[in-house]
Each structure stands twice: as structure tokens, then as C-alpha cells.
Amino acid sequence: MTAQLADMSRAAALLRAGELVAFPTETVYGLGADARNPLAIGKIFAAKGRPADHPLIVHLPEAAHLDRWAVDIPAAAGKLAAAFWPGPLTLILRRHPAVLDAVTGGQDTVGLRVPNHPLALQLLREFDGGVAAPSANRFGRVSPTTAAHVREELGDAVAMILDGGPCAVGIESTILDLSGSEPRILRPGMLDANAIGAVLGRPPMFGGQQNAPRVSGSLEAHYAPRTRLQLVAAADLAATAREALDSGRRVAVLAAQPLAFSHGRLLCCPASTDAAQFAHDLYARLRELDAMACDVILVAAPPADERWRAVADRLRRAAAGSK
Ligand code: TXA
Ligand code: MG
């Protein structure tokens, strides 16, 4: 977990030179570039195959940097930063005029966060600036939660990959828009609406307004494995699996309870009944199952509970993206 000091200064020097450095955060691995350098930002879009109008999150070493990137910062931003940074929360604020259009997708807002991972924080402090970083995967695919995932996805497109072990949270940060009249969660994450509401003094709304900022994580088809993924009510899992097996398919099942029967073309993968653990494991499991050459991955639908909202959101998009 502790990268050599030399690695860290090399990583910061590469960022200063306009190169891409992948680094761990507590949520997923990020593909980092100097947020003030348009050529470096261009390399992110090229490496990911991401549409150029999709905005990037700028990662900061500490909340004290906020006013270099945002203006008209509401008091709520300071309260939330004090409560949750470093941590899995991205704040959408009105952009400072110096922020590059390539980072904001030309919008008048910017996404900012201080990530909670020792290597990310060391890198950001050593670099002493903003690092724009989307998840370090190809556009639309499953986000990486280990350094090996980043290597598989992006290989030589990155100058350096900092290995900080598996990500603790496992799915992307909660995105909260504070640029409008009401705080709105644009992307649910493991930091949930109840925790945010407790600090704000009232619960945030969900979803963007009309003409809302573009969030690629809000596209219906996203976070998708290559194998078709189907969400199935736990009670229907056995029957759905049988039907698929009977029609000759190879079937993977991701569920807390293994099915009561076995079959040569059936692979059962245990899933946690705890939302945080399920989120932690989710993307690694999807990658493993994707490598098994099954025809379909059946996933037991999670409970309709606030703690499962972010996981349910990613599973729904993975299902839509893999059709
Ligand atoms: O946990 C995370 O947030 C990870 C780690 C690396 O920090 N990053 C991440 O980045 O998930 P990315 O690019 O895969 O997703 C960032 C999301 C995108 O959906 C983007 O559209 C949205 O943040 N976003 C960025 N700036 C925005 C803005 N100004 N307004 C609305 N959405 C914005
Ligand atoms: Mg992403």
C-alpha cells in the first residue's frame, strides 16, 4: 500500500509533464491528468474513448483549494466538506472562470472532491493542484477497483499506475449538485441521502432538473460487463436459471443464496447480504464472471432499501448496458 517516495515524486512529475497517471481512490481507480493542462485532459478522453462533452471530476488535496476551482460556494459545501472529506462525495459547484471547458464539458459548473485514500492524498499534495480523473476504464465499461483492472483496461495508454490495493468502497462517489436552488443527488453512492440530509438539515432531492448538467454515469447503459446481465427477483432466480440452462446456455448466478441444484453449465457466485460489502465486491465479481464465457449473468435484485440504492442503480445500468 505504501508506494515508495520516489514513485510518488515520479507520479507528480509525470502529471506536471502532461502525462496520465492512474491512482487508487477509496471508490474506484481514477485516470488522472493535470486539470489545468488541456493537452493532458485530451489524453484522458482519447484513452477512455469518452465523448468530449462529458465533464470530469477534479480531485483536490484539501477543501481549502475549493475557491481556486469554484465561485459562489454555498455554506452547505463547507459543511459537507467538513463532514465527509476526504471521502466518497463529489460536489457540483459554479465553476471558477479559470477552469478549462474541457474539464466541465463547457458547462458553468465543476465537479470537485477530496478522495480518501493515502496514495491519492499523497499524490495530490505532492502535485499541489487539481487532478481531473474519471474512473480508469474504457467508456461505458465496469470501473476498475484494483491496479490489475486498470492495466487490463488501459495498458500502455497510462504513463504510470499507482497500486494502492483494492478500493475500500468499490463503487463511484455520490454526486451532489449544489449549483441550483435545491441540493440534488445526481448519482447515488455509498454515502447516502440520509447522511447528507443530516448535515444539510433536510433531505436532498434525487435526479437532475431539466437542462441539468450532463452526467455520463447517469446514462441508462453504463458500467456494463460484456456478458448479458439480467436482474431477477430472488424468488424467481432458480426458475430463470433452469429455463436458461434448458435452452443450452451457460449461466452464472450472483446471489446471496446458492441455488439448490447444480449443473455442468451453472456457476454460482456468492454475494454479500451487506450493502457495503456487496458494493466493495461488485465490479471485481462482474469482471471475474465476465471472464467465464457464460451466456448470461443472473443477479438477484437487491432489497428496495435506501442502503442498497447505489448498488441497485449500478446493477440496473449494467443490465441496460449489456443487452
Ligand atoms: O468515485 C468517483 O467519483 C470516481 C473516482 C475516480 O473519483 N470518479 C468517477 O469519474 O466516477 P467518472 O468520470 O467516471 O464519473 C464522474 C461523473 C460523470 O458522470 C460526470 O458526468 C459527472 O461526474 N460530472 C463531472 N462534472 C460534472 C458537472 N459539472 N456537472 C454534472 N456532472 C458532472
Ligand atoms: Mg466512470
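Trainee: How do the residues of the shell around ligand 1 divide into nonpolar, polar and charged?

Mentor: In this predicted model, the shell has twelve nonpolar, nine polar and five charged residues.

Trainee: Which residues come nearest to ligand 1?

Mentor: Thr 27, Arg 50, His 59, Ser 173 and Arg 187 do, out of 26 residues around the ligand.

Trainee: What makes the pairing of His 59 with ligand 1 a polar contact?

Mentor: Set the value against the cut-off: an N or O atom in the His 59 side chain is 2.6 Å from an oxygen atom of ligand 1, and a pair of N or O atoms has to be within 3.5 Å, so the His 59 pair qualifies. Arg 113 can be judged likewise, with a polar side-chain atom 3.0 Å from a ligand oxygen. For Ser 135 the corresponding value is 2.9 Å.

Trainee: How much of ligand 1 does the protein cover?

Mentor: On its own the ligand has 680 Å² of accessible area, and the protein covers 99% of that.

Trainee: Good to know! Which elements give two or more residues to the shell?

Mentor: Those are strand 3 (57-59), strand 6 (109-113) and strand 10 (184-187). Strand 6 gives the most, with four residues.

Trainee: Where do the domains lie along the protein?

Mentor: Domain 1 spans 5-206 and domain 2 spans 228-321. Their C-alpha centres are 29 Å apart.

Trainee: How many residues does each domain bring to the contact?

Mentor: Domain 1 brings 23 residues and domain 2 brings 16. About 1500 Å² is buried between the two domains, with carbon and sulfur atoms giving 60% of that area.

Definitions and conventions:
Residues numbered from 1 in each chain as written. Chains lettered and ligands numbered in written order. Predicted model: local features only at pLDDT ≥ 70, side-chain atom pairs only at ≥ 80, totals over all residues. Heavy atoms only, no water. Near = heavy atom within 4 Å. Polar contact = N/O pair within 3.5 Å; in protein donor to acceptor, adjacent residues only side chain to side chain. Areas by Shrake-Rupley, 256 points an atom, 1.4 Å probe, with all protein chains shown as cover. Nonpolar A, V, L, I, M, F, W, Y, C, P; charged D, E, K, R; others polar. Domains from an automatic or database assignment. Contact = heavy atoms within 4.5 Å. Buried area = accessible area lost by both parts, 1.4 Å probe.
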